[in-house]
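Colleague: Got a minute to go through this one with me? I'd like to start with how the parts sit against each other.

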Amino acid sequence: MGKIRFIKTESPKAKPDQKNLGFGRYFTDHMFLMNYDEGQGWHDPRIVPYGPFELEPSAMVLHYAQEVFEGMKAYRRADGGIQLFRPLENIRRMNVSCERLCIPQIDEEIFMEALLELVKLDQDWVPTEPDTSLYIRPFVFATEPQVGVHASRSYIFCIITCPVGAYYPEGLNPVKIYVESRDVRAVRGGMGYAKTGGNYAATLRAGEAAIAEGFSQVLWLDGIHRKYIEEVGSMNVLFKIDGEVVTPPLGGSILPGITRSSCLHILKHWGIPVSERPITVDELFEAAEQGRLEEAFGSGTAAVISPIGKIVYGDKSEILSGGKIGPLAAKLYDYLTAIQWGRVEDPFGWTVRVV
Ligand code: COI
């Protein structure tokens, strides 16, 4: 511990109105940086004023997208303290993503120290309004100035933070989605399980088309058979069918969501049957037509729980839970957020205090 160098800002910014934060629009006063150079390894961890990078136009990330990122949050507790939720899971997942993208591993201890020190320094930015938090975005990108295709020999690891409200303007109101039939997000053997920008770039065309047609996002199918459900928008997806919660298994093309795993853990803790198994879109619509599809919702760090109120597949359309949030999604949301914001005791040891 204590390896991080600090350069504090001399011109702190005005804080935004907590009632109109939106998502990811305002950034705090500081950021964490650390460099990697071949022969030197990761070096010079520092917290400095938030500001632009200077990059060579030939920096490899700009050409070959060698980049990974994470998403996590710091929560303001009712007692005024601040806590993180399962940060070690994010740290470990980022190293899994790094491995897939040939980026050198980041030491878990320095990563954790960076998170704690950065949030502590910018603690006045952690909002206090209900359902707001400080979103934390760690990311690593390739900086070597070289246009040949190979793994970069230099990188920057950066952490920025931003006070946020709800990810979707709908908040906890159910979203409308349709099943995407043209584009796929990822295939097994590709990078789907890694949190890397390219996976999100692949979703933009369908996402924009969905918004243009009055939907919030799309339901992704697998890239080979085009029939197995994978994710929804940039979240994992869970369905309650015949009293059982069903979610697609992590087969390499799906992001291993930390909110997903937390939901499954809580559901099992409550004694609700849970099944991680392949589910086809035809099975889903058949269950919906027969009234057996009780609820559907997405899960993710940014959105937490996002209920699905309407789902369209070609010329078929189904309204779920009467277009309202279902009781199980509501109960999960209440309990998960109560743990995250420290409103109830955390029986699973998931939270880490910052201050
Ligand atoms: C998250 O849920 O944290 C994400 O990374 C999704 C999105 C904001 C990219």
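Modeller: Sure. This is a predicted model. In it, 23 residues of domain 1 are in contact with 22 residues of domain 2.

Colleague: Where do the domains run?

Modeller: Domain 1 covers 5–164. Domain 2 covers 175–340. Their centres, taken over C-alpha atoms, are 27 Å apart.

Colleague: How much area is buried between domain 1 and domain 2?

Modeller: About 1800 Å². Carbon and sulfur atoms give 56% of that.

Colleague: Which three residues supply the most on the domain 1 side?

Modeller: Phe85, Arg93 and Arg100. Together they supply 34% of the area that domain 1 buries against domain 2. No other three residues supply more.

Colleague: How many salt bridges does the rule find across that interface?

Modeller: Zero. Polar contacts are another matter: the rule finds 15 residue pairs across the interface, both partners at pLDDT 80 or more.

Colleague: Which elements of domain 1 each supply at least two residues of the side touching domain 2?

Modeller: Strands E4 (67–69), E5 (72–76) and E6 (82–85), plus helix H2 (87–100). H2 gives the largest share, with seven residues.

Colleague: And how do the residues of that side divide into nonpolar, polar and charged?

Modeller: Ten are nonpolar, four polar and nine charged.

Colleague: Switching topic. Where does Asn35 lie?

Modeller: In strand E2, residues 30–37.

Colleague: Is Asn35 buried or exposed, and why?

Modeller: Buried, because its relative accessibility is 17% and the cut-off for buried is under 20%.

Colleague: What does the Asn35 side chain make a polar contact with?

Modeller: The side chain of Arg46, at 2.8 Å. Beyond four places in sequence, Asn35 is also in contact with other residues, among them Trp42, His43, Tyr155 and Ile156.

Colleague: Now Glu318. Which strand is that in?

Modeller: E17, residues 316–319.

Colleague: Buried or exposed?

Modeller: Glu318 is buried, since its relative accessible area is 15%.

Colleague: Which residues is Glu318 in contact with, leaving aside neighbours within four places in sequence?

Modeller: Phe285, Ala288, Glu289, Gly309, Lys310 and Ile311.

Colleague: And what separates the C-alpha atoms of Glu318 and Gly291?

Modeller: 10.0 Å. Along the chain, Glu318 and Gly291 are 27 residues apart.

Colleague: Great, that covers my list.

Technical notes: Residues numbered from 1 in each chain as written. Predicted model: local features only at pLDDT ≥ 70, side-chain atom pairs only at ≥ 80, totals over all residues. Heavy atoms only, no water. Domains from an automatic or database assignment. Contact = heavy atoms within 4.5 Å. Buried area = accessible area lost by both parts, 1.4 Å probe. Salt bridge = Lys/Arg side-chain N within 4 Å of Asp/Glu carboxyl O. Polar contact = N/O pair within 3.5 Å; in protein donor to acceptor, adjacent residues only side chain to side chain. Helix = DSSP H or I, 4+ residues; strand = E, 2+ residues; numbered from the N terminus. Nonpolar A, V, L, I, M, F, W, Y, C, P; charged D, E, K, R; others polar. Buried < 20%, exposed > 50% of the residue type's maximum accessible area, 1.4 Å probe, protein only.
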